[in-house]
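Student: I should like to learn how strand pairing and a ligand site are read from a model. May we take them in turn?

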Amino acid sequence: MFPFPDLLEDCKDELTEVQSVYGQMDAAYNRAADAHGFHCSGCADNCCLTRFFHHTLLEYLYLMKGFYGLDRELQDQIVRQAVRVNRMVDSAVTSGEISRVMCPLNNGGLCVLYDFRPMICRLHGIAHEFRHPSGKIISGQGCAAFETQCDATSGIVLYRTPFYREMAVLERRIREKTGIREKLKMTVAQMLTADQEGLS
Ligand code: SF4
C-alpha cells in the first residue's frame with residue numbers, strides 16, 4: 001500500500017519527535033493512574049480485544065518502524081496471525097456481533113511492539129477530557145475495570161488536548177512531506193496486512 005522503507009526515511013524527524021510525544025503520554029497516563037490507584041493487569045475486558053481504529057499516517061509509520069525492526073521470521077508469524085484476525089473480525093462484523101478478537105501483536109498478554117503501539121493503546125482506560133477544535137470540552141469515561149475500581153467523580157482526569165495537538169502538528173508535517181492525502185481508518189491487523197492479504 002505504502003512504500004515503507006522510503007517513507008520511514010523521509011519522515012525520520014517526525015518519527016523521532018512522536019517517540020517523545022508518546023513518552024509524555026505514557027508519563028501522563030501513569031500519573032493519572034497512580035492518582036486513582038488504578039493498575040491495569042490481566043483484566044477480562046482486555047483492551048487488546050477491542051476493535052480500535054487508528055487514523056493517522058504518523059501512528060501507522062511509527063508502528064511499521066517497529067515492525068520492520070523485528071526479525072523476518074517473527075514478522076511473517078505476525079502477518080499470518082493478522083490475516084487470521086482480519087478474517088475473524090470480518091466474520092463477527094458480518095454476523096452483526098461485536099468483534100472481540102485479540103490483536104495480532106499481543107503475545108501471551110504482552111505487546112510485541114509496546115514501544116511503537118498507537119496512541120489509543122496508550123490513552124485508553126482512564127477517564128479523560130479534551131478540548132474539541134470547536135472549543136467544547138469533551139469528557140470520556142474510563143474502561144469497565146476503571147469504572148468499577150475507581151471513583152469517576154474524583155475530578156482526576158487524563159487531559160488529552162496537548163497530545164492531540166502535538167500529534168496533529170506532526171501528522172500535518174508528514175502529510176505535507178509525503179504528499180499522501182488518503183484518509184486512514186485501520187485496525188492494527190489491517191495495518192500489518194495492507195500489502196499481504198494473500199497470505200494465510
Ligand atoms: S498494538 Fe499492542 S497494546 Fe495495542 S492493541 Fe495491539 S497488542 Fe494491544
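Student: In this predicted model, which residue in β4 is the bridge partner of His128?

Tutor: Bridges show which residues of two strands are matched. His128 is bridged to Gly140 of β4, and Phe130 stands opposite Ile138 in that strand. Altogether, four bridges join β3 (residues 128-131) to β4 in the antiparallel sense.

Student: How many residues lie between β3 and β4 in the hairpin?

Tutor: Five residues separate the two strands of this hairpin, and in the turn Gly135 adopts a positive phi of about 100 degrees.

Student: What is the order of the strands in the sheet?

Tutor: The order is read across the sheet. Here an open sheet of three strands runs β4-β3-β5, with mixed pairing. Because β4 (137-140) and β5 (158-159) each have a single partner strand, they stand at the edges, and one side of each lacks a neighbour in the sheet. Helix α7 (residues 161-178) packs on the sheet, where it touches β3 and β5; the directions of α7 and β3 make an angle of about 50 degrees.

Student: Where does the ligand sit, and which residues surround it?

Tutor: The ligand occupies the largest pocket. Around the ligand are Cys48, Cys103, Leu105, Asn106, Cys111, Arg117, Pro118 and Cys121. By class, this shell comprises six nonpolar residues, one polar and one charged.

Definitions and conventions
Residues are numbered from 1 along each chain as its sequence is written. This is a predicted model: local features need pLDDT of at least 70, side-chain atom pairs count only at pLDDT 80 or more; totals for chains, interfaces and linings use all residues. Side-chain values use heavy atoms; hydrogens and water are left out. A residue is near a molecule or strand if one of its heavy atoms lies within 4 Å of it. On a 1 Å grid over the protein atoms alone, a cavity is a set of points where a 1.4 Å probe fits but cannot get out, and a pocket is an open set with protein on both sides within 12 Å along at least five of seven lines; lining residues have an atom within 4 Å of a point. A molecule sits in a cavity or pocket if more than half of its atoms lie within 2 Å of its grid points. Ala, Val, Leu, Ile, Met, Phe, Trp, Tyr, Cys and Pro count as nonpolar, Asp, Glu, Lys and Arg as charged, and the others, Gly among them, as polar. Two strands pair if DSSP finds at least two bridges between them. Contact means heavy atoms within 4.5 Å. Axes are lines fitted to C-alpha atoms, for helices over the stretch in contact, and angles run from 0 to 180 degrees between N-to-C directions.
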